[in-house]
Amino acid sequence: MESVTLIAPAKINLYLEIIGNRSDGYHELIMILQSIDLADKINVQKSSIDRIRIRCDNPQLPTNKSNIAYKAAALMTSEFPEAFVKHGGLNITINKHIPVSAGLAGGSSDAAAVLLGVGLLWNLGLTQSELEILGAKLGSDVPFCIGGGTAIATGRGEQLSALPSLENIYIVLAKYRSIAVSTPWAYTTHRQEFENIYNKDTQSLAAVHSRDIVKAIVNRDPKEVAQFMYNDLEKVVMSKYTLVLELKEVFVNLGVLGTMMSGSGPSIFALCESKQQAEEIKYNVRKTIPNQDLELFVSQLIGHGIQLVS
Ligand code: C5P
């Protein structure tokens with residue numbers, strides 16, 4: 001095999017609760033992560049030249065060592081030096097469809113696809129849990145992106161337990177192209193503003209809701225899921241980016257099942273009753289906010305992560 005092509009889906013956070021500080025500088029989290037069918041396409045090809053080369057059709061992204069897809073390939077070369085010597089370098093091509101710096105794990109999913117793709121090209125026979133361990137070295141969301149579907153994540157976000165998958169549910173996803181939120185900034189600001197209540201708050205509404213939303217997912221009841229969606233980073237991001245707050249209010253006023261910011265934002269998603277309702281909501285949001293800077297997608301929740309195309 002000389003090349004593999006993979007689909008790398010985005011994720012949304014149905015739930016993100018910050019529990020407290022960790023000794024490694026990260027935050028202890030409870031998250032519910034959900035794959036969606038908005039996806040990048042990644043091709044990983046063997047190269048006669050002994051190095052890693054990244055190509056990407058989105059000029060916003062660097063193609064050097066700072067690209068997380070490059071870091072994933074470099075990790076494979078250092079973890080499996082004999083395979084690297086045997087098979088040579090890697091050409092990686094990224095067709096970007098997932099908005100960048102959006103809270104949708106676009107970079108993490110590309111990295112997960114590179115790990116899986118290189119593992120296949122080099123016949124390493126890696127299991128999902130071995131790939132997840134490698135993924136955790138690259139970022140907190142990478143392990144989830146490998147298997148995808150619906151999962152509860154704890155620790156830094158890398159400790160995963162699968163939940164029943166929520167398929168055939170449609171969302172509208174909205175993101176202002178010109179707003180990019182830095183994830184470290186969102187978490188650091190949250191710490192500065194709310195550290196005084198960290199770890200003391202286990203009986204809070206949010207902690208109660210994490211059990212309620214899991215129950216709603218087990219019941220596969222989208223209305224109940226929508227009722228218990230939660231994201232601690234909303235208050236930080238929305239107080240700086242008022243356009244994001246206003247966007248969420250537009251969705252609320254249009255009568256969706258529920259609406260929430262994903263991850264560290266600024267993407268907003270809205271859970272809808274049907275594909276038809278999602279298309280109508282998208283149309284009505286566009287009418288209310290004619291600003292072409294606002295990207296809108298109808299997307300579907302899916303039950304898988306990285307998939308091999310060829
Ligand atoms: O793990 P990842 O590189 O995706 O995280 C990006 C940033 O988000 C970290 O540098 C950190 O500032 C913040 N973060 C955190 N706690 C987590 C996950 C991420 O503080 N559990």
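Is N168 buried or exposed? With a relative accessibility of 62%, N168 counts as exposed, because the cut-off for that label is over 50%. A few more notes on this predicted model follow.

1. Staying with N168 for a moment: this residue sits in the loop between β6 and β7. Its phi is positive, about 60°, even though N168 is not a glycine. Worth a glance if you're checking backbone torsions.

2. E167 belongs to the loop between β6 (159-162) and β7 (170-176) too. At 44% relative accessible area, E167 comes out as partly exposed. If you want a feel for the distances here, take E167 and A73: they are 94 residues apart in sequence, and their C-alpha atoms are 31 Å apart in space.

3. N123 is another non-glycine residue with a positive phi, this one near 50°. You'll find N123 in the loop between α3 (106-121) and α4 (128-136). N123 is exposed, at a relative accessible area of 64%.

4. One more backbone item: the peptide bond joining G265 and P266 is cis, with omega at about 5°. P266 lies in the loop between β9 (258-261) and β10 (268-271).

5. Now the ligand. The ligand sits in the largest pocket. Around the ligand are Y26, H27, L29, G139, S140, R156, T183, P184 and Y187. By type, that shell splits into four nonpolar residues, four polar ones and one charged.

6. Where does the shell come from? Both β2 (27-47) and α6 (183-194) supply at least two of its residues. The largest share, three residues, is from α6.

7. On to the polar contacts of the ligand. From the side chain of S140, an N or O atom is 2.6 Å from a ligand oxygen. H27 also uses its side chain, with a polar atom 2.7 Å from an oxygen atom of the ligand. For R156 the partner is a backbone N or O atom, which lies 2.8 Å from a nitrogen atom of the ligand. As for coverage, the ligand has 450 Å² of accessible area on its own, and the protein covers 77% of that.

8. Last, a residue in a helix: S78 lies in α1 (residues 68-79). S78 is exposed, with 53% relative accessible area. As for H27 from the ligand shell, S78 is 51 residues from H27 along the chain, and the two C-alpha atoms are separated by 28 Å.

Note on methods:
Residues numbered from 1 in each chain as written. Predicted model: local features only at pLDDT ≥ 70, side-chain atom pairs only at ≥ 80, totals over all residues. Heavy atoms only, no water. Near = heavy atom within 4 Å. Polar contact = N/O pair within 3.5 Å; in protein donor to acceptor, adjacent residues only side chain to side chain. Areas by Shrake-Rupley, 256 points an atom, 1.4 Å probe, with all protein chains shown as cover. 1 Å grid on protein atoms, 1.4 Å probe; cavity = no way out; pocket = protein on both sides within 12 Å on 5 of 7 lines; lining within 4 Å. Sits in = over half its atoms within 2 Å of the grid points. Helix = DSSP H or I, 4+ residues; strand = E, 2+ residues; numbered from the N terminus. Nonpolar A, V, L, I, M, F, W, Y, C, P; charged D, E, K, R; others polar. Buried < 20%, exposed > 50% of the residue type's maximum accessible area, 1.4 Å probe, protein only.
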